[in-house]
Amino acid sequence: MAYLTLRNINKIYPNGFHAVHDFNLEAERGEFIVFVGPSGCGKSTTLRMIAGLEDISKGEFLIDGQLANNLGPREREVAMVFQSYALYPNMTVYDNLAFGLNLQGVDEDIIEARVQKTAKILGLTEYLDRMPRALSGGQRQRVAVGRSIIRKVGVFLMDEPLSNLDAKQRVTMRSEITQIHRETGATTIYVTHDQTEAMTMADRIVVMKNGYVQQIGTPKEVYFHPVNMFVAGFIGEPPMNFIRRVVKQGCIEVGGASFDLTKRLGEKAAAYEGKEIVFGFRPEAVVLGTQENAYVTHGMVELTEMLGDNANVYLDIDQDKAILKVTPHEIPDMDTQLTFSIPHESVYLFDAQTEMVIK
């Protein structure tokens with residue numbers, strides 16, 4: 001039996017706004033689940049329903065098989081880390097960590113031991129006597145995480161906890177949160193709009209859009225096997241290239257090259273004759289020049305970006321825009337025609353009307 005079960009969860013506000021539609025998920029004990037999607041997609045609302053901070057309009061939420069819809073936040077035994085640090089400014093780091101245990105009436109010796117252990121895990125031992133204002137943003141976020149893990153609850157809920165940190169701090173805190181999860185073994189639900197965080201931290205990813213779940217899967221599954229154009233375009237940086245073409249005699253033309261869809265779709269290709277489909281490929285999947293067992297096509301170089309370990313090349317392909325991700329040693333000259341190959345297995349085809357992948 002799953003540890004957390006969400007069955008057809010809906011959130012409808014009094015003004016009629018339907019924020020979350022039929023959300024279904026089963027999370028195993030100790031699993032790290034990441035909700036990802038653009039702002040306003042319903043991910044934080046779903047997290048708050050799990051926490052008990054928002055009422056569930058329809059559906060069932062179970063914790064370890066027990067219905068939890070009507071339980072308060074404290075009864076659910078969950079700990080939440082918010083986007084803001086939410087530390088008590090007039091308390092030391094030690095007192096901030098110990099605050100929740102003091103409210104529970106935990107013995108002082110046990111509090112001391114737990115604070116010291118938590119501080120050691122988070123690298124906060126030398127800062128226990130400091131006030132929050134004397135800490136960096138990353139250190140404050142560690143204290144916020146520490147206040148959650150010190151309670152030894154079964155579920156950690158994190159709502160965009162790294163959004164206030166700079167790029168370097170986010171990378172550091174990502175690895176620290178992942179390590180903390182491994183050490184505590186608690187079930188973790190993590191919300192972010194940053195697909196890099198989702199890909200690097202999650203056991204499974206829940207991709208959301210407009211209140212609907214688009215796909216649930218491992219990072220590899222959502223990256224290599226997206227179910228629709230939204231998931232394909234949201235996961236990956238730079239995003240997947242999409243080129244719309246009308247099917248003529250079982251083929252589409254891209255960059256002066258003809259692609260025979262019957263080799264990929266078989267008899268199903270006939271159903272798209274005269275209709276528009278979407279040809280997709282990831283920027284990092286291409287190989288410059290001509291390669292066997294690949295689709296070979298061309299584009300005009302409009303712009304290049306040197307990023308250090310790689311470079312982005314912006315192309316015009318028959319007035320469609322595309323981005324290629326290449327090594328810094330392969331940067332082509334501006335305003336030249338570039339030939340590149342897309343391995344057969346790296347091409348995605350989508351139905352232009354439904355935006356679902358064509359299998």
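How many bridges join strand β16 to strand β17, and in which direction do the two strands run relative to one another? In this predicted model, 6 bridges join β16, which spans residues 294-306, to β17, which spans residues 311-317, and the two strands run antiparallel. Within this pairing, L303 stands opposite Y314 in β17.

The pair belongs to an open sheet of 5 strands, arranged in the order β15-β19-β16-β17-β18 with antiparallel pairing. At the edges stand β15 (287-288) and β18 (320-326), and because each has a single partner strand, one side of each is left without a neighbour in the sheet. Strands of a sheet pair through backbone hydrogen bonds, either parallel or antiparallel.

From the sheet we turn to the nonpolar interior. The largest nonpolar core holds 46 residues, of which V115, V145, I177 and Y190 touch the most other members; the largest share of this core, 5 residues, is contributed by helix α2 (residues 93-103). Leaving aside residues up to four places away in sequence, Y190 touches F32, I33, V34, F35, M158, P161, L162, I177, E197 and M201. A second, separate core is made up of 29 residues, including L265, F281, I317 and A322.

Helix α1 (residues 43-51) offers a further view of burial: 7 of its 9 residues are buried, so the helix is largely enclosed by the rest of the structure. The buried residues of α1 are K43, T45, T46, L47, M49, I50 and A51, and the helix is followed by G52, whose phi is positive, near 90°.

Technical notes: Residues numbered from 1 in each chain as written. Predicted model: local features only at pLDDT ≥ 70, side-chain atom pairs only at ≥ 80, totals over all residues. Heavy atoms only, no water. Core = buried A, V, L, I, M, F, W, Y, C linked by side-chain atoms within 4.5 Å. Buried < 20%, exposed > 50% of the residue type's maximum accessible area, 1.4 Å probe, protein only. Helix = DSSP H or I, 4+ residues; strand = E, 2+ residues; numbered from the N terminus. Contact = heavy atoms within 4.5 Å. Pairing = 2+ DSSP bridges.
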